[in-house]
Amino acid sequence: MTVGTQETHIDTDFEIVIGLEVHSQLLTRSKMFCSCSTDYANAAPNTHVCPICMGMPGVLPVINRQAVAYTIMTALALNCSIPEYSKFDRKNYPYPDLMKGYQISQYDVPLSRDGYLMIEYHGQMRKVGITRVHLEEDTARLLHHGGYSLVDINRSGTPLMEIVSEPDMRSPEEARLYMQKLREILVYLGVSSGRMEEGSLRCDANISIRPRGQQALGVKTEIKNMNSFRSVERALEYEVQRQIAMACAGEIIHQETRGWVETKGITVPQRSKEQAHDYRYFPEPDLPPLLISRTWVEALRAALPELPDARRARYRTEYGLSAQDANVLTEDKSLGDYFEQVMAASHVSDRKARAKAASNWLLSEVVRLLKASTISIQSCPLSPSALVNLLDLLDNEQITGKQAKEVLDEAFASGEMPEAIVAKKGIKPPISDQGELERIIEEVIANNSKAANDYRGGKTNALQSLVGQVMKQTRGQARADIVQKLLKSRLDEAPSA
Ligand SMILES: [Zn+2]
């Protein structure tokens, strides 16, 4: 049997089974078990450290309450149940980035379990089970320099939340969609920066294949080192092909951890995957068990912000936006927040018309300007009230759409209010009254009889100087193409001036 395209095999012989383990650093001010600041991104190595996160003997960790709150909030947003009792455990493994020789994590009683996340897959809603959301600490970072490695302990002890899915995904694309949806929720909750490229959000994927119809799961491999949604999908696509080729050739797939090599587009073996018993988990003796009061859980549930699906639905009902526009506006929370501010500052009777216009200008022109200058919407030099001002000028027909684009460009560059730019430049809407334009044309022909006669005598270039004169008289408020047309027909019809 040969390996055909992925499609043929997915549809016929094999079923793909994917589960994701997503790690997210939490946006707390201090680390998980000590008071060191987590704001180490631009700090010199080993400056955000203390005896606790350096793993010195004899020190005692203290649980960061905010990290526990963020984990419970995430679990609630993912429809998990929160047990009343939870605890931390030691996960033992020797690795140079692990300062204590063990990681404080959670084993058999995590902070939450049994949730789900809904994703839209080719127009259908799919439910992906969430096994658990638990809390642990991040490791230090190793910096490799040819023959030796250096360790930066700044990252050590940063709160790290792990979200484990059930093996419910059936294609690499579905895994990417799950990952994107999960990131959206974390960002909306304000618990994660969601920056995969910086490693504050990481994804490990477990993948196996099985003959279609078989119940038992095949042997899985775990893929690491994917730092974008695209690489999650690509790595899984590669792994599907690799496993299918092996199965077809009668080779045995071993359980192992493989690393994704972005530049080559392949996965390579890293180490054989440990089993849980290899870690010799035991309850962390330096920390008390966690008793999670129902009052606290309900307070956290009540304080959950509006999540992306709810916002999306509201944009369609409240503002009458299309599904497409509502999706794009809510995918990036900051873009949606900006849109909300525009709507809050808009005092108009027709809210839906304003929402449509705001969405159009935001998604086309403003996004274009942001991209061109590589600025994020959070630091957009055009304030929401400036965009409102521009939309008001348009609604009141004080400027045309074309003029509005020029005003927007300038407002974006200078941060000035559109009305100030319009006043400063003396911008007025084009003269649309043809009678007024014809009167000016007569006047220009009478005052420039030489050019008019030149044109009539065959010097067609002369027309341009007349167009210029008319444009000057109208102070640029006429459309040049209309002026030219009117002038031409006036000069062609009668030989007198
Ligand atoms: Zn510390």
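A residue counts as exposed when its relative accessible area is over 50%, as buried when that area is under 20%, and as partly exposed in between. H122 has a relative accessibility of 59%, so H122 falls in the exposed class. The model described here is a predicted one, and the burial cut-offs come back at several points below.

H122 is a handy place to start. This residue is found in the loop between β5 and β6 (124-137), and its phi is near 50°, which is a positive value in a residue other than glycine. Most residues other than glycine have a negative phi. D114 makes a good companion to H122: the phi of D114 is near 60°, again positive in a residue that is not glycine. D114 lies in strand β5, while H122 sits in the loop between β5 and β6. With a relative accessible area of 55%, D114 is over the 50% mark and is therefore exposed.

Next comes the metal site. A zinc ion is held by four sulfur donors, namely the SG atoms of C34, C36, C50 and C53, at 2.3 to 2.4 Å. Along the chain these donors follow the spacing C-x1-C-x13-C-x2-C. The angles among the 4 donor atoms run from 102 to 114°, and the site is tetrahedral. For four tetrahedral donors the ideal angle is 109.5 degrees. As for the surroundings of the donors, C50 and C53 are both buried. C36 is buried too, because its relative accessible area of 10% is under 20%. Away from the zinc donors, C380 has a relative accessibility of 13% and so also counts as buried. How many disulfides does the structure hold? The count is 0.

Empty space is the next topic. Rolling a probe the size of a water molecule over the atoms shows where such space is left. The second largest pocket takes up about 1200 Å³. Its lining is made of 34 residues, and those closest to the centre of the pocket are E184, N327, V328, E331 and D332. Several elements give two or more residues to this lining: strand β5 (112-121), along with the helices α3 (172-189), α6 (308-319), α7 (323-331), α8 (333-345) and α9 (351-372). Which element gives the largest share? That is α3, with 8 residues. Sorted by class, the lining of the second largest pocket has 15 nonpolar, 6 polar and 13 charged residues.

E331, one of the residues closest to the centre of that pocket, lies in helix α7. At 46% relative accessibility, E331 sits between the two cut-offs and so counts as partly exposed. The C-alpha atom of E331 is 51 Å from that of Q469, with their positions 138 residues apart in sequence.

Enclosed space is a separate matter. The structure has 1 cavity of 30 Å³ or more, and the largest cavity holds about 60 Å³. Of its 13 lining residues, L98, M99, K100, E137 and S156 are the closest to the centre. The lining of this cavity divides into 5 nonpolar, 4 polar and 4 charged residues.

A few residues in loops round off the picture. L78 has its place in the loop between α2 (65-77) and β2 (85-86). With a relative accessible area of 0%, L78 is clearly under the 20% cut-off and is therefore buried. L78 and G115 are 37 residues apart along the chain, yet their C-alpha atoms are separated by 5.6 Å.

I377 is found in another loop, between α9 and α10 (384-395). Its relative accessible area is 9%, so I377 is buried. From I377 to D337 the C-alpha distance is 9.6 Å, across 40 residues of sequence.

Y40 lies in the loop between β1 (14-25) and α2. At 15% relative accessibility, Y40 is under 20% and so counts as buried. Y40 and G123 are 83 residues apart in sequence, and their C-alpha atoms are 42 Å apart in space.

How values were computed
Residues numbered from 1 in each chain as written. Predicted model: local features only at pLDDT ≥ 70, side-chain atom pairs only at ≥ 80, totals over all residues. Heavy atoms only, no water. Donors = N, O, S within 2.8 Å, 3.2 Å for Na, K, Ca; no water. Tetrahedral: all angles 85-135°; square planar, octahedral: opposite > 155°, others 65-115°. Buried < 20%, exposed > 50% of the residue type's maximum accessible area, 1.4 Å probe, protein only. Disulfide = S-S within 2.5 Å. 1 Å grid on protein atoms, 1.4 Å probe; cavity = no way out; pocket = protein on both sides within 12 Å on 5 of 7 lines; lining within 4 Å. Points joined across faces, edges and corners; volume = space filled by probe spheres on them. Helix = DSSP H or I, 4+ residues; strand = E, 2+ residues; numbered from the N terminus. Nonpolar A, V, L, I, M, F, W, Y, C, P; charged D, E, K, R; others polar.
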